[in-house]
Amino acid sequence: MKFKTFFFALLIAAVCLPFAGCARTVKPTQTINVYNWGEYIDESVNAEFTKETGIRVNYTTYATNEELYSKLKAGGVNYDVVVPSDYMISRMISENMLEKIDFSQVPNYKDIGKKYHNLAYDPNDTYSVPYMWGTVGIIYDKTKVTGNVNSWNILWDARYKGQILMFDNSRDSIGIALKKLGYSYNTINQSQLEQAAAELTKQKPLVQAYVMDQIFDKMEGGEALIAPYYAGDAITMMQENPNLAFAVPKEGTNFFVDAMAIPKGALNKKAAETYINFMCSAKICAKNAEYTGYSTPSGAALKLLPASLRDNIIAYPGDSVLNKSETYTNLPESILKLYDQLWTQVIS
Amino acid sequence: MAPEKLVRRFWESIRHIKTFIYRFYVWLVLVFFYAPIFVLMVFSFNNSKSRTVWLGFTFDWYLQLFKDETIMHSVYVTLVVAVLAALLSTVLGTAAAIGIAGMGKRQRALIMNVTYIPVLSPEIITGVSIMLLFVWSGLKLGMLTLLLAHISFDVPFVILSVSPKLRQLDPHLFEAALDLGAKPMSAMRKVILPQIWPGVITGMLMAFTLSVDDFVISYFTSGPTSQTLSITIYAMTRKRVSPEINALSTLLFIVVLTLLVIVNLRQSRDNKQPQRKEEDVR
């Protein structure tokens, strides 16, 4: 049977294949394991890093902060660089999951704007270096939504019944209601949270759907008129559908930072710091910001961006917007439970 | 009109409607099966990142796909693991099936039930428990753990596709071969294996597809060096699936389709021609 010979040839070839791969990786050069969000980097950057430093990069990706957290918590892995968001960094710090970064190895940190130093999630800048930031705002169809869109109230406007999308998670949705009422995103006052939930219950008949990423397609395809969304993505959406516009509510909004950190158990801390430093260099920051549409915290990188992006007030809103905005901090367990409870009541 | 005629007309029209409904139903099923794939293929040529707005024709996503290191590396990981897992689990599974066939009734029932457990238990439990085992035993999650996990969930499927073939076999065939002077190994190789070969191949193909397809178990058992394609795609969905994935899926679909056509052609040719036997000349 010829097929059998073929089968065994294939078996032998297949057994040898990974070793051929190993022969490449087990060179004396160093390798670091980087774990970042999906679609959050200009791919060429990693190759450039290897060319410059000789350190190879194993680049893998995740979809949510919680996914990253559980992977690190479960053990059995050794990542050298991870990129959690603000509130997840504060959680990881409090659970002793991060290594202190030796900032003398990260000279490019000087380019990171003062606004992004010592933020609430890492008050002394010991564990993290900002990678990207952005704000949440309102994306809407300017041909069909009339009047001045400048407040979260538009998401409660009965004229757009069935045309409004809302975030499908407790923190973001209750947060928007809190802001609408003039409270803080990080409040631990139970009655304020209950008022916010009541607002959401009032809004529910107007909402077409509670969704996350589908906001992108739905808004682009004109299936809905108003939705909250991330500024970085809004820029891309507006390029694809020129009817769309973006506004930052006057009550203030969520300002998020995703930052690079080194988890406990990293095998190549030095190389990880080299990588973080490289990612902070102006040229690389600019490349990533241009590719992803999110905003770079590096002042030096900002100068390298094309004027159209640099002067875009959606990506780089002025201080008046940022001063009113808040980052999420990690909430106490009891409040998180209350969030879940209230949110279940709203959507059920 | 005569009443019989009316009745006949009535039945005739009923029959027409019936055939119409049958055909319509078949088409409906086909549309349900293939419309998503068709949409996916069309949008792999869309000159925009959008999945809803058509902005013209382009091959850009195909070019970018081959430049995208994360995707290409995960394709490599997926294929290496799937091929290796399929081959190794076929060897293990076939041997196990032959062993099981030779067992006594009660023992066989016991082993077959044990084999069914991983098939029936939820993937997430398999995934988590395998991961816990690896973490507990100090193995670092990576290529090896991924491969071991895949082999472990592939083997039962191979056993289950080989066993029926063995049951169809005349139990005296093996004895006859021995009586005619064959050594046990060559009787196995020249008599038993050729008979169960279709089951072995089916098992291998099934193992391969399951490996390529798997998300849950891979998700728990992969590490920094071994991200499979399904995990990469999942991670991309935070923003949204890039059309590169459409391009990749289109290519995979075409490859699978070609394979299927080739397999079918081979089969129909084999069925037409009288089977010729190649004798190994010693």
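Start by selecting residues 128-141 and 255-261 of chain A: these are strands S4(A) and S9(A), which run antiparallel and are joined by 7 bridges. Strands here are DSSP runs of E with at least two residues, helices are runs of H or I with at least four, and both are numbered from the N terminus. Two strands pair if DSSP finds at least two bridges between them.

Before going on, know that this is a predicted model: local features need pLDDT of at least 70, side-chain atom pairs count only at pLDDT 80 or more, and totals for chains, interfaces and linings use all residues. Residues are numbered from 1 along each chain as its sequence is written, while chains are lettered from A and ligands numbered from 1 in the order in which they are written.

**Stop 1: strand S4 of chain A**

Stay with S4(A) and click on A:Met132, which stands opposite A:Asp258 in S9(A). Next, add residues 226-230 of chain A, strand S7, which is antiparallel to S4(A) and joined to it by 5 bridges. Here A:Gly137 stands opposite A:Tyr229. Then add residues 244-247, strand S8 of chain A, which pairs with S4(A) over 4 bridges, again in the antiparallel sense. Look for A:Ile139 and its bridge partner A:Phe246.

Is S4(A) mostly covered or mostly open? Of its 14 residues, 13 are buried. A residue is buried if 20 or more other C-beta atoms, placed from the backbone, lie within 10 Å of its own; with 12 or fewer it is exposed, and in between it is partly exposed.

**Stop 2: the two domains of chain A**

Color 2-131 + 256-323 of chain A as domain 1, and 134-254 + 326-347 as domain 2. These bounds come from an automatic or database domain assignment. The C-alpha centres of the two domains lie 29 Å apart.

Where do they touch? In this chain, 19 residues of domain 1 are in contact with 15 residues of domain 2. Contact means that the C-beta atoms of two residues, placed from the backbone, lie within 7 Å. On the domain 1 side, helix H4 (86-94) and S9 of chain A each give two or more residues, and H4(A) gives the most, with 5. By class, that side has 11 nonpolar, 6 polar and 2 charged residues. Nonpolar covers Ala, Val, Leu, Ile, Met, Phe, Trp, Tyr, Cys and Pro; charged covers Asp, Glu, Lys and Arg; the others, Gly among them, are polar.

**Stop 3: chain B**

Now show chain B, which has 11 helices and 0 strands. Its radius of gyration is 25 Å, well over the 19 Å that the globule rule gives for 282 residues, so chain B is more spread out than a compact globule. That radius is taken over C-alpha atoms, and the rule is 2.2 Å times the number of residues to the power 0.38. Of the 282 residues of chain B, 33% count as buried.

Try coloring by pLDDT, the predictor's confidence in each residue from 0 to 100. Chain B averages 87, and 93% of its residues score at least 70. Over residues 275-282 the pLDDT is below 50, and this stretch has 2 contacts beyond near neighbours in sequence.

**Stop 4: where the chains meet**

Finally, show both chains: 34 residues of chain B are in contact with 35 residues of chain A. On the chain B side, select helices H3 (69-101), H5 (123-136) and H10 (229-236), which each give two or more residues. H3(B) supplies the largest share, 6 residues. The chain B side divides into 15 nonpolar, 10 polar and 9 charged residues.
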